[in-house]
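Here's a walk through the structure, one region at a time. Keep the viewer open and follow along.

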Amino acid sequence: VTSVEVALGARSYRVHIGAGLLDSSENICESLGLRGRCVIITDSHVEPLYAGRVADALSRWQPLIITVSAGENAKSLDRAEEICDRMILAGLDRSAFIVALGGGVIGDLAGFVAAIYYRGIPFLQMPTTVVALVDSSVGGKTGVNARGGKNLIGAFHQPRAVIADVNTLHTLPAREFNEGFAEVIKHAIIRDAELFASLKNFRRENNSDLSPLIARNVAIKAAIVSADEHETSGERALLNFGHTIGHGIENAAGYGRYLHGEAISLGLVAASEISVRRAGLPPEQRNEILARLVQFNLPTRLPADISTEAIMAALRTDKKFAAGQIRFILTSRVGSAFVSKEITLEEIRVAVEALR
Ligand SMILES: NC(=O)c1ccc[n+]([C@@H]2O[C@H](COP(=O)([O-])OP(=O)(O)OC[C@H]3O[C@@H](n4cnc5c(N)ncnc54)[C@H](O)[C@@H]3O)[C@@H](O)[C@H]2O)c1
Ligand SMILES: [Zn+2]
């Protein structure tokens, strides 16, 4: 078992990474001194696969399992309220703790419930998707969607620990597996040229133990979160590489067409193109970035029916743009990134057009 520390002073915690960890979560909970009852929050796809094993491992905390329908729609205030009501009905008080067992949707929803229940109770992340393992389970951003936009209601609430069982990825469908590699490729571009180079030889079928790869990504995310927990110093903004244009495309395409990572793949291509023009990224490195995305079956071309105008309109409603200045993330060389305030909407439009 590998473990990576997320250093946040009194809120520090460890990310435990290994094969088969779900069954040994008892020791971790015990070492955290958790005493009250446990609530396992999961979704309808993950529950039949893994909830029984986790409930067995945590039996001494008399787990209550709460299952929501799988999908992004679960990230709503209604669902959060329902979960709180069920916990109140079950007589759970502030001594209870939550286990978020699932992908990023469950991590965000269950983490948010943990943030607001009795004004905050402890929780553990047990991520089961690539996105959740390398990204959403670390960093303490929790929340739900508003009618007016994604992730607009939430709280920073750090987990007490992350228990990342890489074996759970074996049951993840190919599309969701590949989607997560958009974030892996992003991490490599902004922080780790060696990781980037190693991805070239990655084949899902040859990698039965994903622990080293996951640990490396967690270390990147953990270092950035430790340096800038609440996204105030700019460090954490580097994680938005590819996300400004990616979010615009995600919005313009309409919910359900692209998975998040797929839209981000297009955003990474566009941000790499702008980086060639404005930050001196060598064109061969941009080509390598494209090749890695293609390797994971991620889109690199924008279909004709998603208009540039719709994407630009989505960008303009973005809060970050309303303020006037765009904080755009660029890379001069794979393995590093920086924030630029010099990129204009017009340059973004040109880069979007170049995706055709
Ligand atoms: N908090 C953060 O910092 C952060 C960062 C990135 C993304 N997010 C959020 O994460 C969400 C996306 O997360 P996601 O991509 O994990 O989506 P998800 O949670 O919807 O999971 C994707 C699908 O895979 C299924 N699934 C999960 N684990 C499985 C397994 N081991 N085997 C088989 N099926 C499994 C799920 O039921 C779902 O159908 C978004 O809501 C996004 O906003 C949050
Ligand atoms: Zn993302």
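Start with helix H2, residues 46–57 (helices, H or I, of at least four residues and strands, E, of at least two are DSSP runs numbered from the N terminus). With 12 residues at 1.5 Å a residue, H2 should span 16 Å, and its end C-alpha atoms are indeed 16 Å apart. The expected span here is 1.5 Å times one less than the number of residues. Before going on, some bookkeeping: this is a predicted model, where local features need pLDDT of at least 70, side-chain atom pairs count only at pLDDT 80 or more, and totals for chains, interfaces and linings use all residues. Residues are numbered from 1 along each chain as its sequence is written, chains are lettered from A and ligands numbered from 1 in the order in which they are written, and side-chain values use heavy atoms, leaving out hydrogens and water.

Which residues of H2 are buried? They are Val46, Tyr50, Ala51, Val54, Ala55 and Ala57, where buried means under 20% relative accessible area, exposed over 50% and partly exposed in between, with a 1.4 Å probe and protein chains only. These buried residues cover an arc of only 150 degrees around the axis, which puts them on the same side of H2; the arc is taken from the directions from the helix axis to the C-beta atoms. An α-helix has 3.6 residues a turn, so residues three or four places apart point the same way. On the face turned away from the buried side of H2 you'll find the exposed residues Pro48 and Asp56. The cover over the buried residues of H2 includes helix H1 (25–31) and strands E3 (38–43), E4 (64–68), E5 (97–102) and E6 (123–127), with contact meaning heavy atoms within 4.5 Å.

H12 (308–317) gives you a similar exercise. Its buried residues are Thr308, Ile311, Met312, Ala314 and Leu315. Seen down the axis of H12, they fall within an arc of 160 degrees, so they line one face of the helix. Asp318 sits in the loop between H12 and helix H13 (319–322), and at 15% relative accessibility Asp318 counts as buried.

Now for the metal. The zinc ion (ligand 2) has Glu183 (OE), His243 (NE2) and His260 (NE2) as its protein donors, lying 2.0 to 2.1 Å from it. Donors are N, O and S atoms within 2.8 Å of the metal (3.2 Å for Na, K and Ca), and water is not among the atoms, so sites may look incomplete. In sequence, the donor residues are spaced E-x59-H-x16-H. Glu183 lies in helix H6 (residues 174–191) and His260 in helix H10 (residues 260–279), so the pair ties together parts that are 77 residues apart in sequence. Glu183 has 1% relative accessibility and therefore counts as buried.

On to ligand 1, which is surrounded by 27 residues, the closest being Asp43, Glu72, Thr128, Thr129 and Thr171 (a residue is near a molecule if one of its heavy atoms lies within 4 Å of it). One oxygen atom of ligand 1 is 2.8 Å from a polar backbone atom of Gly104. A nitrogen atom of ligand 1 is 2.9 Å from a polar backbone atom of Lys141, and a nitrogen atom of ligand 1 is 2.7 Å from a side-chain N or O atom of Thr171.

Next, a loop residue: Gln158, between strand E8 (149–156) and strand E9 (161–165). Is Gln158 buried or exposed? At 9% relative accessibility, it counts as buried. A polar atom of the Gln158 side chain lies 2.9 Å from the backbone oxygen of Gly139, and the side chain also makes a polar contact with that of Glu229 at 3.1 Å. A polar contact is a pair of N or O atoms within 3.5 Å; within protein, one must be able to donate a hydrogen and the other to accept it, and residues adjacent in sequence count only if both atoms are side-chain atoms.

Finally, check the backbone in the loop between helix H4 (104–116) and E6, where Tyr118 is found. Tyr118 has a positive phi of about 50 degrees although it is not a glycine, and Tyr118 is partly exposed at 38%. Arg119, also in the loop between H4 and E6, has a positive phi near 60 degrees and is exposed at 79% relative accessibility.
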